[in-house]
Each structure stands twice: as structure tokens, then as C-alpha cells.
Amino acid sequence: MPSKDMIGRVLSTGSATVDAAHVAAFALALGDSSPEFTSLAPPTYPIAFMSQAMAGGMDTFLELGLNFMTLVHGEQEFEYVRPIKVGETLTLTGRVADVYEKTNSAGQTLDFVVLETEGKDAAAQPVFFSRNVLISKRM
């Protein structure tokens with residue numbers, strides 16, 4: 001069972017440069033050939049940073065107390081201060097934003113963990129926040 005003591009815990013920090021070729025491939029995978037994606041990243045692009053935010057991998061899931069065999073991605077949310085620019089380097093910080101539980105209709109306890117990634121620009125100004133909710137059935 002995830003502990004509320006994990007709320008606010010930084011899981012990882014790092015940086016990533018928004019590569020033009022990667023942004024183009026990402027947009028193509030979305031089926032969007034809009035010319036604006038030569039200078040700006042598509043709105044859902046921060047998902048590309050999720051693996052960096054979860055750099056702890058399986059150890060992080062174990063420490064969170066999530067049952068990996070029942071783990072599902074429940075929700076994804078993006079909040080922007082401004083568009084992500086191709087070529088800029090962002091500082092990324094992944095943290096546990098919230099931990100809570102709910103009981104489903106079968107009376108089973110579900111654990112919810114909200115992970116947040118914050119991206120800041122070279123001037124240390126926020127660019128985006130990405131939040132995703134992981135759900136795991138407690139065993």
C-alpha cells in the first residue's frame with residue numbers, strides 16, 4: 001500500500017533537449033503534419049519525458065507499494081505555462097504529487113498514485129506540468 005509519506009518525494013531530476021527529429025517523428029506518429037511542429041512540440045509531447053521522470057523503474061513501483069501485476073495508467077493531464085520549443089533544453093523533475101485509495105464496486109481497495117513531471121526552461125521558469133495517475137488493486 002502506498003504511503004502518504006511519499007507525497008512530495010522527488011523521484012528523479014534531469015534534463016532533455018527537445019530534438020527536432022524526435023518532435024517530427026512524434027507528430028508523425030500522431031498523424032499530424034502541421035508545419036508548426038518544426039518550431040513547437042505537439043501538446044502531448046511531455047509524455048516523451050515520462051521514462052526520465054520514472055528513472056527509478058521497478059524499484060520506484062516497489063517502494064510506492066504498487067502491485068505491478070494489476071497496475072494500469074488511469075489518467076493523463078498536461079498543464080502549460082507556454083508552448084514547448086524545439087531546440088530548448090528543459091530541466092525535468094519527477095515527483096509523487098498525491099497518494100490515495102478508493103474502494104471499487106466489488107469492495108476491493110484500489111491504490112492511486114499521482115506522478116507529476118515539471119519542465120523548466122534555461123531561465124528556471126516553468127514550461128509545463130504533466131500528471132499521470134497510476135492505479136493498482138491492493139492484494
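Is Y100 buried, partly exposed or exposed, and what is its relative accessible area? In this predicted model, Y100 has a relative accessible area of 27% and is therefore partly exposed. The ring of Y100 is paired with that of F112; because the two centres are 4.9 Å apart and the planes meet at 10 degrees, the pair is classed as stacked. Y100 belongs to strand β3 and F112 to strand β4, so the pair ties together parts of the chain that are twelve residues apart in sequence. F112 has a relative accessibility of 9% and therefore counts as buried, since the limit for a buried residue is under 20%. The ring of F112 has a further partner in K102, whose charged end sits over the ring at 5.4 Å from its centre.

The count of aromatic pairs comes to three. One of them joins F26 and Y45 in an edge-to-face arrangement, with 5.1 Å from centre to centre and 80 degrees between the planes. This pair links distant parts of the chain, as F26 is in helix α1 whereas Y45 is in the loop between α1 and α2 (50-53), 19 residues apart. F26 is buried because its relative accessible area, 16%, is under 20%. Y45 is likewise classed as buried, with a relative accessible area of 2%.

The largest nonpolar core contains 14 residues, of which V18, Y45, F49, I84, L90 and F128 touch the most other members. Helix α1 (20-29) and strands β3 (89-103) and β5 each supply at least two residues of this core. The greatest contribution comes from α1, with three residues. The surroundings of V18 may be described in detail. When residues up to four places away in sequence are not counted, V18 touches V23, Y45, F49, I84, K85, V86, G87, E88 and L90. Apart from this core lies another, of nine residues, including M6, L64, L66 and L134.

A position of the opposite kind is provided by A123, which is found in the loop between β4 (109-120) and β5 (126-137). A123 has a relative accessible area of 54% and is therefore exposed, as the limit for that class is over 50%. The C-alpha atoms of A123 and P43 are separated by 21 Å, and these two residues are 80 apart along the chain.

How values were computed. Residues are numbered from 1 along each chain as its sequence is written. This is a predicted model: local features need pLDDT of at least 70, side-chain atom pairs count only at pLDDT 80 or more; totals for chains, interfaces and linings use all residues. Side-chain values use heavy atoms; hydrogens and water are left out. Helices (H or I, at least four residues) and strands (E, at least two) are DSSP runs, numbered from the N terminus. Buried means under 20% relative accessible area, exposed over 50%, partly exposed in between (1.4 Å probe, protein chains only). A nonpolar core is a set of buried Ala, Val, Leu, Ile, Met, Phe, Trp, Tyr and Cys residues joined through side-chain atoms within 4.5 Å. Contact means heavy atoms within 4.5 Å. Rings of Phe, Tyr and Trp (its six-membered ring) pair if their centres lie within 6.5 Å; planes under 30 degrees apart count as stacked, over 60 as edge-to-face and the rest as tilted. A charge sits over a ring if NZ of Lys or CZ of Arg is within 6 Å of the ring centre and within 35 degrees of the ring normal.
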